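Trainee: I would like to go through the terms used for this model and see what each one rests on.
Mentor: Then ask, term by term.

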Amino acid sequence: MYAIYYGCCCRYKKASVWHVLSVETTDYLKGIFATMILFHHITQVTGGSIFLNMGYLGVSGFLFCSGYGLFCSYNAQKDYVYKIIYRKIPEILLISFITIVYSAMYFNFLGGYYCLSLQKY
């Protein structure tokens with residue numbers, strides 16, 4: 001894990017300034033952590049392997065990088081909370097509403113629940 005982190009830091013090292021947790025580095029790390037989570041979910045369905053226990057590390061690392069980015073954005077812009085409230089929350093509510101309506105239509109009109117193997121219960 002340290003080798004991946006060190007590789008991220010060296011890749012985005014600039015001549016004059018070296019930010020260990022810069023935007024580029026944390027985006028790169030979030031991609032690695034998301035891939036670890038993906039492999040964890042795949043091995044949950046297909047069977048156990050080395051990736052079965054890596055999901056927890058991937059989730060915690062992804063949340064750390066995301067939280068660090070939010071912290072830096074909040075420190076840089078004092079009106080950041082109001083931007084989230086007025087921009088992001090309506091988008092999230094709209095997507096949630098569309099998902100709820102679609103799911104209700106699916107379960108009520110098609111009358112089925114399907115698992116990953118697409119077999120009807």
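Mentor: Start at the surface of this predicted model: Tyr74, Val81, Tyr82, Ile85, Tyr86, Ile89 and Leu93 form a nonpolar patch with about 740 Å² of accessible area together. Local features need pLDDT of at least 70, side-chain atom pairs count only at pLDDT 80 or more, and totals for chains, interfaces and linings use all residues. Residues are numbered from 1 along each chain as its sequence is written, and side-chain values use heavy atoms, with hydrogens and water left out.

Trainee: What makes these residues a nonpolar patch?
Mentor: Patch residues have over 30% relative accessible area and no salt bridge; nonpolar side chains (Val, Leu, Ile, Met, Phe, Trp, Tyr) are joined within 5 Å, and like charges within 9 Å. Areas come from the Shrake-Rupley method with a 1.4 Å probe, and for residues only the protein chains shown count as cover. H4 gives the most to the patch, six residues.

Trainee: Why is Leu93 called exposed?
Mentor: Exposed means over 50% relative accessible area, buried under 20%, and partly exposed in between (1.4 Å probe, protein chains only). Leu93, in helix H4, has 55%, so Leu93 is exposed.

Trainee: How do you know that H4 has close to its expected span?
Mentor: The expected span is 1.5 Å times one less than the number of residues. H4 (residues 80–110) has 31 residues, for which 45 Å is expected, and reaches 43 Å from its first C-alpha to its last. Helices (H or I, at least four residues) and strands (E, at least two) are DSSP runs, numbered from the N terminus. The protein chain has four helices and zero strands.

Trainee: Where in H4 is the kink?
Mentor: At Lys88, shortly before the proline Pro90, with about 35°. The bend at a residue is the angle between axes fitted to the seven residues ending there and the seven starting there.

Trainee: What makes Asp27 and Lys30 a salt bridge?
Mentor: The criterion is a side-chain nitrogen of Lys or Arg within 4 Å of a carboxyl oxygen of Asp or Glu. The closest N and O atoms of Asp27 and Lys30 are 3.8 Å apart, and a search of the whole structure finds one salt bridge. Asp27 and Lys30 are three residues apart in helix H2 (residues 23–46), so about one helical turn separates them. Asp27, at 43% relative accessibility, counts as partly exposed, as does Lys30 at 23%.

Trainee: Which residues make up the largest nonpolar core?
Mentor: Leu29, Ile32, Phe33, Met36 and Cys65, five in all. Four of them come from H2, the largest share. A nonpolar core is a set of buried Ala, Val, Leu, Ile, Met, Phe, Trp, Tyr and Cys residues joined through side-chain atoms within 4.5 Å.
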